Amino acid sequence: MSLRSGRRVFWAAALLLGAAGLLLSLLTGPVRTPIGDLARLFRDPDPVRWAIIVDLRLSRAVLAFLVGAALSLSGAILQGYFRNPMADPFVVGVSSGASLGAVLATALGFEAAAFGFSGPGLLAFASGLGLVMFVYALSLRRGGFKVETLLLTGIAAGALASALTSFFLFMRSDSYDQAVFWLLGSFQLADWGQVATIAPWVVLCLLAAVWLARDMDLLALGDDTAQALGSPVRRVRMAFLAMSALLAALAVAVSGIIGFVGLVVPHWVRILIGPGHRRLFIASALAGGTFLLYCDLIARNLLPAELPIGVITAAVGAPFFLYLLHKKR
Amino acid sequence: MYPWYVSPFFGGLVLFMLLQLPAGLFSDEDPRGHIPGVHAPICSAPSPDVRDLQSPQVVADDLGHPFPLPAETPRKIVSMAPNITEILFALGLGGRVAGATRFCDWPEEAKAIPRIGGLVDPNVEVIRSLDPDLVIAFRGNPLRLVERLRKLDLAVFVLDIGRRIDDLFPLIERIGRITRTEDRAAALAGALRRRLRTADEALRELPSKPSVFVLLYGQGLWTCGGESYVDDLIARAGGRNVAAAMPKKWVLYKREAIIEDDPDVIFILARSTADFTAGRDRLVKMPGLSSVKAVKAGRIFEIDENAASRFGPRLVEVLVRMAALVHPERFGGAA
């Protein structure tokens, strides 16, 4: 199969699977919904049916898609940025910072809501972004910039934040149950407000990333070469870092920490459609959204009680990833 | 020098404001509005003439959220905690409970009620599908979840969990108030108060307060700290919780501390007598514990975990049992 026809198959499959996943999300759940209910939704409005299908299931599906798109776009950006396939939005400290914020908010009873975020969401966003900025500031300090320094700083700062998180969890054992939902991720409380909060940012970052994709391609040749070819390397790097941190922090703020998506989806996509960043960014967002949509379907339908989605993303994603990786090599 | 789009500050503010527009459209104008004058919890039984008023009354729940009082008893109630389910049954509203958590196992009939999930993971979709006209939640339910239910236009009333046994009566009266069964609630609270008062009278002017250690069913030496209502139960039963100084609800206690505290009585909260026996044997075999007074005197007793762990009507019986075990001399020597 040539790369070109492989690409065509990829786009068709991603769109088809995405549409099918959306339909499935509307039809499945603990409350039985026959397919006729969808048809009756507009003809014969029933408040309970409307609330379940539109307010709960549709908003949840859209949010899962957006978060999946945000995480995997963020991962695709960072992997290009570091020229390192191990990079993922959480390596640079977003997740540890965000979980610290969320646990702190729960422990202190901080519940004020603003901009469509809940209290823990707001603090998670702020501390996730704050920790990343701290890491960046620390590793960019002396003008020079090294990928290794940034990664190591991120890991160390992340470990510190994780230690504080565990400390607060231990001190307030009664808030532990609630914190679990942050630490493992869940779309249980999705609503249209959250969708409206993150959708514009995800779309904007995707557009900007596609716009700057050529510069990212040049970065793959090395900073000096890229500079010589006319790319404003420092500015491009700043823009990409800001975008990836923003996307990951937004995702964590609405859904908790969902691992694996940002690391693995860009890899799948690269294997399937090649390394050009313009295609890679769009395809990663699409594939990441679809992937998380299906993971959420499993998380809420597999057992009578809901599973945290972080369990599913890894359990489903890892085998498929291993297969793709070893089939190619 | 640089393309405009990579200039990090270009138009940042304008963009931010534009992007926050859609979020504003979906946010509630008044997410936790306080209504002046109704903030105080309605603890006292309402006078009958107030109840006859035509205009819908508004009370505030324990989060300060306004709640319009229904004109009559709701037909479909969702209970989000076992103690609330118990109180609803005690008020004769068992038949109207349309949904309950998987922990709601008392009384026996409660097991047949459709399940909505657990305390921290109730399923929003299931709750909505039951189409309840009243959802009673408590502070232990995630607040974000309560907010989510409110956004689905459900009438949600959130109750605090009590710190002291005396908080039980206003809790019952409050549930009676929002379900419009004020009379039954007043009768139930009155009966429980009288039962508690007989115990209080039996314990009047105690010469000494025996020290008590409570062991929670499960692994490790978990006990209840000063913030737990169990601490208040022990004090009210004429005892002294050895872990009262710990500023927590549940604490992992140290073995040396028990030996040093040398409690006169040990209570084990257990789900069955088999669990109690296993817990007691484990405790007694711990090195050093054989010197503890409660162990030497054989004053290790079983407390029904199911009743003691729910802040409901059965708590009064738990208290009376504790009092009789701590002060058998005041209760005719029967333990």
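Which residue in strand 11 of chain B is the bridge partner of B:Val212? The partner is B:Val265, and the sheet around this pair is a convenient place to begin. The model is a predicted one, in which local features need pLDDT of at least 70 and side-chain atom pairs count only at pLDDT 80 or more, while totals for chains, interfaces and linings use all residues. Residues are numbered from 1 along each chain as its sequence is written, chains are lettered from A and ligands numbered from 1 in the order in which they are written, and side-chain values use heavy atoms, with hydrogens and water left out.

Strand 11 of chain B covers residues 265-270 (strands are DSSP runs of E of at least two residues, helices are runs of H or I of at least four, and both are numbered from the N terminus). Strand 7 (residues 211-216) of chain B pairs with strand 11 of chain B in the parallel sense over five bridges, where pairing requires that DSSP finds at least two bridges between two strands. Strand 12 (residues 300-304) of chain B also runs parallel to strand 11 of chain B and is joined to it by five bridges, with B:Leu269 standing opposite B:Ile303. Together these elements belong to an open sheet of four strands in chain B, in the order 9-7-11-12 and with parallel pairing. Strand 9 (240-241) and strand 12 of chain B each have a single partner strand and stand at the edges, so one side of each is left without a neighbour in the sheet.

In a regular strand the side chains alternate between the two faces of the sheet. On strand 11 of chain B, B:Val265, B:Phe267 and B:Leu269 point one way and B:Ile266, B:Ile268 and B:Ala270 the other, and all are buried (buried means under 20% relative accessible area, exposed over 50% and partly exposed in between, with a 1.4 Å probe and protein chains only). Because six of its six residues are buried, strand 11 of chain B is largely enclosed by the rest of the structure.

Elsewhere in chain B, strand 6 (residues 156-159) is likewise covered on both faces, with B:Val156 and B:Val158 buried on one side and B:Phe157 and B:Leu159 buried on the other. Strand 5 (residues 134-138) of chain B runs parallel to strand 6 of chain B and is joined to it by four bridges, and B:Val135 has B:Val156 as its bridge partner. The loop between strand 6 and helix 6 (168-178) of chain B contains B:Arg164, which is partly exposed, with a relative accessible area of 42%. The C-alpha atoms of B:Arg164 and B:Leu233 are separated by 7.4 Å, although the two residues are 69 residues apart along the chain.

In chain A, helix 3 (47-82) has 36 residues and reaches 50 Å from its first C-alpha to its last, close to the 52 Å expected at 1.5 Å a residue. Of the 36 residues of this helix, 30 are buried, and A:Arg83, which follows the helix, has a positive phi near 50°.

Residues of both chains line the largest cavity, among them A:Leu56, A:Arg57, A:Arg60, B:Asn123, B:Val124 and B:Glu125. Helix 3 of chain A gives the most to this lining, with three residues, and by class the lining has five nonpolar, two polar and five charged residues.

Conventions. 1 Å grid on protein atoms, 1.4 Å probe; cavity = no way out; pocket = protein on both sides within 12 Å on 5 of 7 lines; lining within 4 Å. Nonpolar A, V, L, I, M, F, W, Y, C, P; charged D, E, K, R; others polar. Expected span 1.5 Å × (residues − 1).
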